[in-house]
Amino acid sequence: MTMRQLLLAAAALAPLAAAAQTPDPSFGNANRFLHRDGAALYAATCAGCHMPDGRGAVGAGAYPALAGNPRLDPAGYLVTVIARGRHGMPGFAGTMDDAQIAAVATFVRTNFGNNHPDPVTPEEVRSVR
Amino acid sequence: MTEDARTQPRTRRDLLALIGTVAGSTAMYQAMTSLGHAQESDYRGPIRLNGDPRGATVLVLGAGLAGLTAALELKNAGYRVRILEYDTRAGGRCWTIRGGDRIEELGGAVQQCTFDQGQYFNPGPWRIPFHHHAVMDYCRRLGVQLEPWIQVNHAALMHSTRAFGGRPVQYRQVQADYHGAVSELLAKATRAGALDADLTREDREILLESLRGFGALDSNFRYTRSAAASVRRGWDRRPGGGVDAAPVPSTPVSASDVLTSRLWGNLVFSASLDFQTTMFEPVGGMDMIARAFVREVGEDLITYGARVTQIRQDANGVEVAFEDRRAGGAVRTERAAWCVNTIPLSILAQMDVQCGAPMANAIAAVPYAASIKVGLQMKRRFWETDHHIYGGISYTDLPNRMISYPSTGYLSPGKGVLLAAYAFGPFAFEYTALSPEERMRRTVEWASVLHPEIRTELDGGVSVGWHRVPGALGCNGMWTDATRREHYANLCAIDGRMVLAGEHCSYIPAWQEGSILSALDAVTRLHQRVMAG
């Protein structure tokens, strides 16, 4: 087995291992988010700032609302921001894989009253990494 | 990365690289060391701003430690200073939560802290390295009383869901068994001739002698059930007094078990300069530092509840527009000849700021880290009475990552506040995204794996996820080597009549020392500019 194959095998096993050994399976591990589902990824990450209802929040600065946000279509901007971050927002390229970023982007584009039904693909994510 | 660790090292350089790889594989180690780079502070004593600024005005934005430092030094140098602060208190991330405090986070969730009188929780900075000379010197000059803060406690616990059947073990056991196993293996390799090419015969003898001491090895260079090992890892029965008091040695775990446990990863924290002995904390809470600054600066210089929305500059000065939160958001402006701006970049990046492109690009280039802390008040100090743990940290691979015991109030009969969760990275994102109630519920669940008493002794708690703090929008600025190369100098350079300061303008990110040093540097340069006319 090459190093790369070993790493891939380890990565594939990681979610199962974590689910079996972490008391609460809704958390990933210290380095990666493990959910595959867009709604679950949103709840675990984006909701911290953009809030569970996608309406954002305002303090000394603001977290933009995702509900009704005109910048969600086409998907390129959204995907780039999730992967690379923007201003104070950290990027998720190091903690989510292409399929996860695609899933959460698709979720954002099809919830909170947003209606952009074309799914974001992992290939679109790969192109902006 | 772990696969690298299993390949066979061939040279001494390989061995050193291997050690680095193994140490680096511990996620928490990476997370914590990435906060600082174990940099020793370059503080050289109080700054001297010589020359008369003739009452020049300075507007300081932000009353955290950077803003307060700037304000104090400029005021003492003869400037007329005013401070705008978004929050209703000074200190910024230098913050202590006590009973009666109301914490409203972004999204609207409100926590009411119900801690007893005298109990507190530092959701931001909580410990001061002795070599953070600027923080230490201001504490000395401002009369902030410090007490030792305990980083390493050999009676504290290490826990991994994947080692020792999920049973927590004591720090001292992991340390002794790890040192013992490594020493035994290295002694074996040395005696088998593996280092003959690297060391002289005499050096090999010295190495073996040192390994015997370092690892508590026996006369045959074996790490075994012995008094020498038990003195470090603990006894099955401790030595006592009187009849039948002879000690009973304990049995070390195997080299394989201690290595595969990966708990040795927790031993490296205290090796880093940032966490070496002696560390300190202010008596009564970290915000004692902020309070002392405010006392010296003068409360009357600070306008609280000021939400800055716009910064304009012209040839004569700066004009800052802000919403007065204590007057229904009425828009006001403040003018000054100069501006020291300590607003976190997470907020500043969204603001209408008139500055050159280099500074604007730098402001936009720094993402802010996630971090979460949860403090739980306990009805009694069971860690002291039942487990003889006085201060220090227990580690876990569960999402709460650690439990820290108060380094104050030892032996007191009353309550105590545990830091029951302190996480970075993905865990911190996931924690922050939960409601305060759900954070509490899960923290109790995870922390009670190490200390089941937490379930029954729980008496209220608070959590702070830094991305939800309205005046911060994150824990600290995260730099990379690439972003530093491209933007750091531009961020720190004076732009027109404005200079930035804060931990984000330092090489000691997320530490108060970075904030203070950046402020001292900023006002020194600003003063030179003013004096130059």
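Two residues are said to be in contact if their C-beta atoms, placed from the backbone, lie within 7 Å. With this meaning of contact in mind, the predicted model can be explored from one residue outwards.

B:Val58 touches B:Leu74, B:Tyr79, B:Val81, B:Ala336, B:Trp338 and B:Val340, when residues up to four places away in sequence are left out of the count. B:Val58 and B:Val340 also belong to the largest nonpolar core, which holds 179 residues. Among the members that touch the most others there are B:Val58, B:Leu68, B:Ala70 and B:Val340 from chain B, together with A:Ile101, A:Val104 and A:Ala105 from chain A. In soluble globular proteins, nonpolar side chains tend to be buried together.

B:Val340 leads on to a sheet, for this residue stands opposite B:Val499 in strand E23 of chain B. Strand E16 of chain B, residues 338-341, is joined to E23 by three bridges, and the two strands run parallel. The open sheet in chain B has five strands, in the order E12-E2-E1-E16-E23, with parallel pairing. At its edges lie E12 (302-303) and E23 (498-500), each of which pairs on one side only.

On a wider scale, chain B is divided into domain 1 (57-86 + 307-367 + 481-531), domain 2 (97-155 + 369-468) and domain 3 (171-261). The C-alpha centres of domains 2 and 3 of chain B lie 35 Å apart.

Finally, the two chains meet in a contact that takes 32 residues from chain A and 36 residues from chain B. On the side of chain A, the elements that give two or more residues are helices H1 (3-21), H2 (38-44) and H3 (47-50) and strands E2 (62-63) and E4 (89-90). This side of chain A comprises 17 nonpolar, 13 polar and two charged residues.

Terms used: Residues numbered from 1 in each chain as written. Chains lettered and ligands numbered in written order. Predicted model: local features only at pLDDT ≥ 70, side-chain atom pairs only at ≥ 80, totals over all residues. Pairing = 2+ DSSP bridges. Helix = DSSP H or I, 4+ residues; strand = E, 2+ residues; numbered from the N terminus. Nonpolar A, V, L, I, M, F, W, Y, C, P; charged D, E, K, R; others polar. Core = buried A, V, L, I, M, F, W, Y, C linked by C-beta atoms within 7 Å. Buried ≥ 20, exposed ≤ 12 C-beta atoms within 10 Å, placed from the backbone. Domains from an automatic or database assignment.
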